[in-house]
Amino acid sequence: MINVAVLGYGTVGSGVVEVIEGNKALINKRVDDELNVKYILDLRDFPGDPYESKVVHDYNEILNDPEVNIICETMGGLKPAYDFTKNALLKGKSVCTSNKELVAEHGPELIKIAKENNCNYLFEASVGGGIPIIRPINSALTAEKIEGITGILNGTTNYILTKMEKEGSKFEDVLKEAQELGYAERNPEADIEGYDACRKIAILSSLMAGHTVDYKNVYTEGISKITADDFIYAKKLNRTIKLFGISREDNGKYFTMVSPFMLSKDHPMAMVNDVFNAIYVEGNMLGGSMYYGRGAGKLPTASAVVGDVVDAARHLGKEIKMFWDDEPVAMKEMDSVEFKYFVRTESSKHEDALRLFETVSVVDAGIDSEFAFITDKMTEKDFENKSSELGIISRIRIMD
């Protein structure tokens, strides 16, 4: 018997128990042993819950039980999750987590501790919810030099942008609806300002590089400045707007960012709508491969956690190779990166725009008070200098 403890009996934690118990026969067959949820750690009691007898309130009861082989950390946040995880790994207990904050902040340290103690730190569910992406990068694509990753990594922002496009709604109205439906938190800042996607692309970038991309060094821009008028222009151009996490390797340096982009309706990521996520990986031999599915939610995320539990159970006392160390990656300066830009300015600044940007493609979407255009490709620094002199309403980077 392989005993599992679940830390946190909230949305994801309860989902983990549901997946293990609901698919017990199938999981046991694939592990070739019996998987048993022995403990559920939470501050609360759950009277009437079918698993209330497994609930404990003292983590040390789990930590000091030699029969516990695997721990599922679904608490979220850094404290006490970091201490609980580190102590478990030091005891030789594998940890499977959905906690993107902890992975982004302490991933290489915890991977190293796991290796030194013949156990594993696995975090498939930390990026893309139920989409398999960590394991493909770490195993199926190990023959590839991964040259780039582009991802729609946050279901909340994708839902908001989809509704704005399809219904012509204002950002504030769709955000309120998303909160009512439970897609957005009461404080939605982490989602709408791109911080959630930032941590996820930092994790993927680190696995891509084999070294550490610090999420605090990732340029991050959210969707709170996107308006219904932006989608009017996008429709005119047969384009849409998505929030992307992007990572590219360029001559030994890595460029990583989170930002809204305007992209063609023919782009494969343009079809990813509502709360779905997608991650496009570019390998030097394979070319492009895309991973698509539900990026959040109780059972999709729990399914990814339990997938890691099965992997850990198959490798008790053995290391699953994870290529991510604590050496910092050389980062490319944002100022030197080149994009095309969609720009909106006041109609009275028409001549100034043509003088400053020289060659532009004018976009007429019938908004009389504005002059809109797409620039040639230029560096971020050059664009910022020219746009600050012009004075603009907004700009969105273009993805070809």
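In this predicted model, Arg 344 and Asp 229 pair up through their side chains in a salt bridge, with an N to O distance of 3.8 Å. The contact ties together distant parts of the chain: Arg 344 sits in strand β13 (residues 338-346) and Asp 229 in helix α11 (residues 228-236), 115 residues apart. The two partners differ in how much surface they show. Arg 344 has 4% relative accessibility and counts as buried because that value is under the 20% cut-off. Asp 229, at 29%, counts as partly exposed.

That pair belongs to a bigger set, as the structure holds 30 salt bridges. Another one joins Glu 249 to Lys 145, whose closest N and O atoms are 3.5 Å apart. Here too distant parts of the chain are linked, with Glu 249 in strand β9 (residues 239-250) and Lys 145 in the loop between α6 (134-140) and β7 (146-152), 104 residues apart. Lys 145 is partly exposed, at 44% relative accessibility.

A helix-to-helix case comes from Glu 389 and Arg 355, which form a salt bridge with 3.7 Å between the closest N and O atoms. Glu 389 belongs to helix α14 (residues 380-390) and Arg 355 to helix α13 (residues 350-357), and the two are 34 residues apart. Glu 389 has a relative accessible area of 52%, so it counts as exposed, while Arg 355, at 49%, counts as partly exposed. Salt bridges also link up into a network made of Glu 124, Arg 135, Asp 308 and Asp 311.

Turning to the pockets, the largest one holds about 1100 Å³ of space. It is lined by 37 residues, and those closest to its centre are Val 12, Lys 100, Glu 185, Asp 196 and Ala 296. Helices α1 (11-22), α5 (100-116), α7 (155-167), α9 (189-192), α10 (195-209) and α12 (298-314) are the elements that each give two or more residues to this lining. By class, the lining splits into nine nonpolar, 19 polar and nine charged residues.

The second largest pocket comes in at about 430 Å³. Its lining has 18 residues, with Ile 246, Arg 248, Glu 338, Phe 339 and Lys 377 nearest the centre. The elements giving two or more residues here are β9, β10 (253-264), β11 (276-283), β13 and β17 (394-399). Eight of the lining residues are nonpolar, two are polar and eight are charged. Two of these strands have already come up above: β9 carries Glu 249, and β13 carries Arg 344.

Methods: Residues numbered from 1 in each chain as written. Predicted model: local features only at pLDDT ≥ 70, side-chain atom pairs only at ≥ 80, totals over all residues. Heavy atoms only, no water. Salt bridge = Lys/Arg side-chain N within 4 Å of Asp/Glu carboxyl O. Helix = DSSP H or I, 4+ residues; strand = E, 2+ residues; numbered from the N terminus. Buried < 20%, exposed > 50% of the residue type's maximum accessible area, 1.4 Å probe, protein only. 1 Å grid on protein atoms, 1.4 Å probe; cavity = no way out; pocket = protein on both sides within 12 Å on 5 of 7 lines; lining within 4 Å. Points joined across faces, edges and corners; volume = space filled by probe spheres on them. Nonpolar A, V, L, I, M, F, W, Y, C, P; charged D, E, K, R; others polar.
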